[in-house]
Amino acid sequence: MAKISFQDFSAYYKLKKKKYVLSLNKITLEIPSESFFVVVGPSGSGKTTLLKAILGGVELTDGLLIINGTSVENIKKKEANISYLSQEYSLYPHMTVYENVAFPLRRMRTDFQEIDLRVKTVLDYLKIDFLASRKPRQLSYGQMQRVAIARALVKNPRIMLFDEPFSNLEPTLKNELRLTLKNIHQEFKPTIIYATHDLTDAFILGEKIAVLNGGELEAIGTKEEIENSDKAFVRSFLSR
Ligand code: ADP
Ligand code: MG
């Protein structure tokens, strides 16, 4: 269970000379527990900031961000059990696939046998068990993505954040990985928040979709509701 609720939530970045950038402006939205939620918007619209805020990584905020009844600043990193996967997912080059996937568990000082069991289960689930002893440089791009997903999944996270993870991939691979994420969602039921600038991506994946523009929430709803939005920005975004 992991319901996430933003109430009049704003985020700022501090620049030099006491100047600030407002990067989310009074966002109010609710992300239901166990949903596949997509945040879509052009570059600079605040998608990454929204994900980082859920991780507790934005310092200057206003309003409320509540995860399962607890305000985000009171949640300890260790207890949050949130995974984050971005475009720059970078596997550790000197570690094998097995060690890469085991890494988050080692950091949590998980029991040795438990680590082995979990890593093997997740590698098997993603059909990359045969890659266990390879180094990242011996992998194809698609295999690397799967290892990165395995590393994000191994902690059995209750919230999974994806920040434009498949932006640079070719269409076949993109489709394959989208399907993988859908399966993960169905099987393990984490709350997934997936950021993308690509509406096709949003419509294929999102049970619910939030459209951001310049730090403001323009629209929120199902694919059909977004398609029927009468907001000027959404109309123009749809016709791009
Ligand atoms: P997106 O992920 O949709 O491209 P971001 O959340 O990265 O958008 O950025 C939202 C706004 O905040 C942009 O105007 C961006 O320039 C600004 N911003 C993001 N990160 C920083 C930072 N570390 N310092 C200053 N401004 C930032
Ligand atoms: Mg971003």
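The following exchange goes through a predicted model of a protein with one bound ligand, by question and answer.

Colleague: What should be known about the numbering and the values?

Modeller: Residues are numbered from 1 along each chain as its sequence is written, while chains are lettered from A and ligands numbered from 1 in the order in which they are written. This is a predicted model in which local features need pLDDT of at least 70, side-chain atom pairs count only at pLDDT 80 or more, and totals for chains, interfaces and linings use all residues; side-chain values use heavy atoms, with hydrogens and water left out.

Colleague: How many helices and strands does the protein have?

Modeller: Helices (H or I, at least four residues) and strands (E, at least two) are DSSP runs, numbered from the N terminus. On that basis the protein has nine helices and ten strands.

Colleague: What is the radius of gyration of the protein, and what would a compact globule have?

Modeller: The C-alpha trace spans about 50 × 40 × 35 Å along its principal axes. The radius of gyration is taken over C-alpha atoms, and the globule rule is 2.2 Å times the number of residues to the power 0.38. For 240 residues a compact globule would be near 18 Å, and the protein agrees with this at 18 Å.

Colleague: What percentage of the residues is buried?

Modeller: Buried means under 20% relative accessible area, exposed over 50%, and partly exposed in between, with a 1.4 Å probe and protein chains only. Of the 240 residues in the protein, the buried ones make up 49%.

Colleague: What share of the contacts in the protein joins residues 24 or more positions apart?

Modeller: Contact means heavy atoms within 4.5 Å. Counting contacts with a separation of 6 or more, residues 24 or more positions apart account for 68%.

Colleague: Which element gives the largest share of the shell around ligand 1?

Modeller: A residue is near a molecule if one of its heavy atoms lies within 4 Å of it. The residues around ligand 1 include Tyr13, Leu15, Val21, Pro42 and Thr48; the shell divides into four nonpolar, seven polar and one charged. In this count Ala, Val, Leu, Ile, Met, Phe, Trp, Tyr, Cys and Pro are nonpolar, Asp, Glu, Lys and Arg are charged, and the others, Gly among them, are polar. The largest share, three residues, comes from H1.

Colleague: How much of the accessible area of ligand 1 does the protein cover?

Modeller: A polar contact is a pair of N or O atoms within 3.5 Å; within protein, one must be able to donate a hydrogen and the other to accept it, and residues adjacent in sequence count only if both atoms are side-chain atoms. Oxygen atoms of ligand 1 lie 2.7 Å from a polar backbone atom of Gly44, 2.8 Å from a polar side-chain atom of Lys47 and 2.5 Å from a polar side-chain atom of Thr49. Accessible areas come from the Shrake-Rupley method with a 1.4 Å probe, and for residues only the protein chains shown count as cover. Of the 550 Å² that ligand 1 has on its own, the protein covers 63%.

Colleague: Is Phe166 buried or exposed?

Modeller: Phe166 sits in the loop between strand S7 (159-163) and helix H6 (171-188). Beyond neighbours within four places in sequence, its contacts include Gln145, Ile149, Leu177 and Tyr194. With a relative accessible area of 2%, Phe166 is buried.

Colleague: Which backbone oxygen lies 2.7 Å from a polar side-chain atom of Ser35?

Modeller: Ser35 is in the loop between S2 and strand S3 (36-40). Its relative accessible area is 7%, so Ser35 is buried. Residues that Ser35 touches, not counting those up to four places away in sequence, include His185 and Glu207. The backbone oxygen in question is that of Pro32.

Colleague: Which helices help to cover the buried residues of H3?

Modeller: Helix H3 (residues 97-107) has buried residues that include Val97, Tyr98 and Leu105. Their cover includes helix H4 (112-125) and helix H5 (141-153).

Colleague: Where does Arg151 lie, and which residue's backbone oxygen is 3.3 Å from its side chain?

Modeller: Arg151 is found in helix H5. Arg151 has a relative accessible area of 14%, and is therefore buried. A polar atom of its side chain lies 3.3 Å from the backbone oxygen of Ser90.

Colleague: What is the phi of Asn68?

Modeller: Asn68 is in the loop between strand S4 (60-67) and strand S5 (70-71), and is partly exposed at 35% relative accessible area. Its phi is positive, in a residue other than glycine, and is near 50°.
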